[in-house]
Structures are given as C-alpha cells and as structure tokens.
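Here are my notes on the model, set out as numbered points. Please read them with the structure open.

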2 protein chains.
Amino acid sequence: MGTVTKALNLLSFFTQNRHEIGLSDLTRLSGLNKATVYRLMGELQEAGFVEQVGPDRAYRLGPEVLRLAALREAAVPILSVSRGILDRLCDATGETAHLSLLRGTQLVTLGHAYSPRHATRVMMDDAEILSFHGTASGLAVLAWADDAFVDAALAGPLAAHTTDTVTDPGAIRAMLDQVRADGIAESVGRFEADVHSHAAPVFGADQRPIGALAVAAPVSRMTPAQRATIRAELRAAARDLTQRTGGFFPPEYPQEAAA
Amino acid sequence: MGTVTKALNLLSFFTQNRHEIGLSDLTRLSGLNKATVYRLMGELQEAGFVEQVGPDRAYRLGPEVLRLAALREAAVPILSVSRGILDRLCDATGETAHLSLLRGTQLVTLGHAYSPRHATRVMMDDAEILSFHGTASGLAVLAWADDAFVDAALAGPLAAHTTDTVTDPGAIRAMLDQVRADGIAESVGRFEADVHSHAAPVFGADQRPIGALAVAAPVSRMTPAQRATIRAELRAAARDLTQRTGGFFPPEYPQEAAA
DNA sequence: AGTCGTTGGTTCATTATTTGAACCGTTGGT
DNA sequence: ACCAACGGTTCAAATAATGAACCAACGACT
C-alpha cells in the first residue's frame, strides 16, 4: 500500500460518531505505527485536511475539505441541484427524502430533507455509509451496476441490521431482478426497524448508476395511496436529477411503471 | 517534501477556472515527474479524491471530498450556521454578503448570498482565494492575527489587483492599526474595481481569527446611510457567527463602534 | 507521595518505497 | 507519411518511510 493511500485512509476513520480522534486512538484504529501516524497526520495537517484542537491535541477534519467540496460542487453540482429536488420530493410525500452517492465501493448519504407534516420522521445523517443489501438505495444502485460490482458487494458476510434483513446473496439477487423490472427498490424494516423505504437510481453520463434518491417513511404511515404517490414522485425526481447533472438512463431501464 | 504533501498539493491545482486537468498539464503545473504524478493521481483516485472522466481521461475532484466536507460540517457547522446569517446580512443591506475562512496561510471564500434588490450585484465564487492585503476580509483577519502571520502575509511581493491596490507593507500595517481601532475593515476598489467592501472578523475558540464576514457593494451605491447600515449589520452578524460556532472575541476587540 | 498506565511527541539505523529517464502505443493535426 | 502531444509503463538508482525504543507530562489510584 502506498504512503498516500495510508494517509488518506486515516481520514476514513472520521465518522458521524467520531468527529475527533487522538493520536493513540488513530494508531489503534489504523494498525500503523504511532510514529507513522504522527508523521502522516502532520502532513495532512500541513495541507489543511485536519486540524488539532483542544488541550488533548485531538485531530478533526480541517477547512481544506470545504474548499475542495466547493470546487467539486462547481464542477459537478449534484448537491446543489439535488437540494431543490429533495425539497420537492419530501414536500410531495410528506416524508423524509434523501440522496446517496457512490463513492468507489461505498454508498454514502449526502443530502436530505425533512417534511414538517408529521411529528415523527425518519431521521438522517449526512456522510453515513449505507449497506447495499440492506437499504432500498443500495438495491436500486446494485440493480443497474456491473456484475463485478454486484459480486463484490455481495461477497463478504452480509450484516443483519435488523431481524428482517435479508442476508442470503441468492435471495438478494432475486430481489434485484424485481427491482430491474420495476425501476424502484423497496425495503421494509431491513436497515432500520419500522422504516419503509423506496429508492430510485440516479445515472451518470456513462449510463451507470452514481447513486439513488430515496423516501423513507415510518411503516405505520404507509398506505397504498401513499405508496403510489411516493413511487411516482421518486420516478420523476430521479429522472430530473439524472438529466440535470448530465446523466442518461440506460435503455433497459423500465420507462413506464410496472406492477 | 513528503510524498503525501506532494499528492495533496496536486489537488490545489484545481480551481474555479480549472475544474478538469489532464496528466500532462498536471505534470507541468506541479513540476513533478510524469510517472510520479500518474502514480499519485492513481492513489488519489483509488481513495475517491479525484476521478477520471471523458475520453481524454482528465482528472476532476471526486465524491469523497463531499463526504469529508459533510463530516467537517457535522463537527464544526460553520457553513450551515453562516447560511442564515449571510441571508439576513444581505437582506438587511441589499448587497452581496460572503463568508471567507482561513485555510492555513490562505483565505478562501466559502459561502455567499445575493440580494435580489438591485439588478447589478457583486458576484462571488465559492472556493476563491482572497489576498490579504487587497481585500477587506483579508485586512479584517490580519488585524487580529499573530505578528508572525502578518509578517508572512506581507512578506512576498504584493500583487496589484487594481490600480488602487495598496502594495506597500508599511501603508498596510498603518491600515491594520485603523482596523483594530475600528473593528471593521473597509476596501474601496482595491481587489476589484468599483467594489466597496466592508468586513468583520470571526473568531475561534482560542480568540484568534478564523475568517471574516463581508458585504460587497458597487461603489456607486454607497451612501453614508448605507455605510452605517452595513457596518451595524456586519458587527451583529460577526458576533452572532462567532458565538454560535463556539468562538470568542479577544478582549482588545472594540466593543462599541468607533469613528 | 509514589506508582502505574496513558497520553502526545521524538529519535535514528534499517528498510522499503518513491523516483525519473526512457520507453510504449494512440490520437489528431499538417 | 510525418510529427508532436497525449496517457500510460518500466526498472535501476536514490530517497523517503518505517518502527522499536525512548521522553516528558498528565491523571487515576493506592
């Protein structure tokens, strides 16, 4: 593994649950030598990717990542375009809408919108990592991904997030067939209990999936009429976002609603 | 220079004017060997920091930077907090408001808001790099920065952005004294012609400046009344943002409006 | 007060990685 | 048919990364 990869890998230990990490913790988490971590973090700090804070000198992500993100947005304005789409989506459905994007082999939530209509909502965090087999968004992406990608995603032992999570690769592949025929993926309580999610894939310029839009609602509020609304809105939103970010749907994507 | 620093330095060649860079261009820009750039970019790509696009395989920033930025925002929500403050600021003044943050030795614009009140506006780009000596924001930060920092910022030959730009370090230091006494920095046509800017510093938990809020208006619209409005609003906005992000004003900051 | 375990930080000989000149095969313009 | 520029690749030589051991400082516990 190259030195740069090691350094960048250190950044991946920052999550929503761990905003600050001390040198020793980082050493343990990464398995690298302490002196190595120290030097790598020093270089990352020099570049503004992390900063040291407080009397315990713990590291947290630095302002340089904001600059890069602003530039990425200027080049590929997915987040800014999606904001309006997410707002409309959650407004039309009355439920929580969110966007997730592929980052290499991982699916990351990067934007969300809450509806004020109901007191209970499905809550979201940005930068959370979703499982492919357990979420509607994950299935929506997998259904139109390369075979190799699907194989990789279903290779390791699949985590059972809830008692209803399907962890059998064969069963999941069968579900993907259905998603392909339908155009929309659905998941009831397989990632978080009591959450009913729908998701539609978003495509890039090469007609391959780059992420998914999803609507997440409490199971108790899902009615046939609500389900129809969500599916229709989701279809429109995914088409909209794909087009406005320069993407194209693959020809095999079902144009009209199936069963 | 360490390998990691070299790799991260490659990312700094992406700007608002250069969203995509080919291998050869990047080699020329960085002065590194082509094979080195190729390998480093390969590692950056592997980590999702850049992606290759199009038939010419040009590099552009990748989705990983969005994930990191979302995490940084979760840890230190300056951008989300500032959004409302910027909106209010530009609403109250009728002019363009923007936020810039220190990134090591550079000052970077990271958020802005336009007022619909006038047809002509001062336009902004996010992730643009501001000069310390030429902008109101830069002066506001310098006025409360370490002596060493000021020395470094005024060391090199200072660019003359317009015919009115002050490039004499002595004259700039005199201006800093005035800014310190006043609490607000002002710049008329020294970065962009015909732009009259006011800026107030924003402070971090250690009472040192972390950036600045600014209001930029066409010179032609600046009246004494407007100037008073901007200065009062800016003062309130900077205090608000500093407090809400866990920062503190240094005791020597002028609490009440001076001349 | 003394001990222990932990923290962030530093050193330097050994080691493994990075480097760069020269080399492909393609592409596009003349 | 040529030339120049592109992205990508190779491999011996040079350089940078590594890790065990070592500080000093802090806090908890006896």
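1. Chain contact. In this predicted model, 45 residues of chain B are in contact with 45 residues of chain A (heavy atoms within 4.5 Å).

2. Conventions. Residues are numbered from 1 along each chain as its sequence is written, chains are lettered from A and ligands numbered from 1 in the order in which they are written, and side-chain values use heavy atoms, with hydrogens and water left out. The model is predicted: local features need pLDDT of at least 70, side-chain atom pairs count only at pLDDT 80 or more, and totals for chains, interfaces and linings use all residues.

3. Buried area. The size of an interface is often given as the accessible area lost when the parts come together. Chain B and chain A bury about 4,000 Å² between them (1.4 Å probe, summed over both). Carbon and sulfur atoms carry 73% of it.

4. Polar links between the chains. The rule finds 4 salt bridges across the interface of chain B and chain A (a side-chain nitrogen of Lys or Arg within 4 Å of a carboxyl oxygen of Asp or Glu). A:Glu64 forms a salt bridge with B:Arg103; their closest N and O atoms are 2.6 Å apart. The same interface has 10 residue pairs in polar contact, both residues at pLDDT 80 or more. A polar contact is a pair of N or O atoms within 3.5 Å; within protein, one must be able to donate a hydrogen and the other to accept it, and residues adjacent in sequence count only if both atoms are side-chain atoms.

5. Elements on the chain B side. Elements giving two or more residues to the side that touches chain A include helix H1 (3–11), helix H3 (34–46) and strand S3 (96–103) of chain B. Helices are DSSP runs of H or I, at least four residues; strands are runs of E, at least two. H4(B) gives the most, with 12 residues. By class, this side divides into 26 nonpolar, 9 polar and 10 charged residues.

6. DNA strand D. Which residues are closest to DNA strand D? They are A:Asn33, A:Arg39, B:Ser24, B:Lys34 and B:Tyr38, among 19 that surround the strand (a heavy atom within 4 Å). Sugar and phosphate account for 71% of the strand D atoms that come within 4 Å of the protein.

7. Phosphate distances. A side-chain N or O atom of A:Arg39 is 2.4 Å from a phosphate oxygen of DNA strand D. For a polar side-chain atom of A:Lys6 the distance to a phosphate oxygen is 2.5 Å. For a side-chain N or O atom of B:Arg28 it is 3.0 Å.

How values were computed. Buried area = accessible area lost by both parts, 1.4 Å probe. Nonpolar A, V, L, I, M, F, W, Y, C, P; charged D, E, K, R; others polar.
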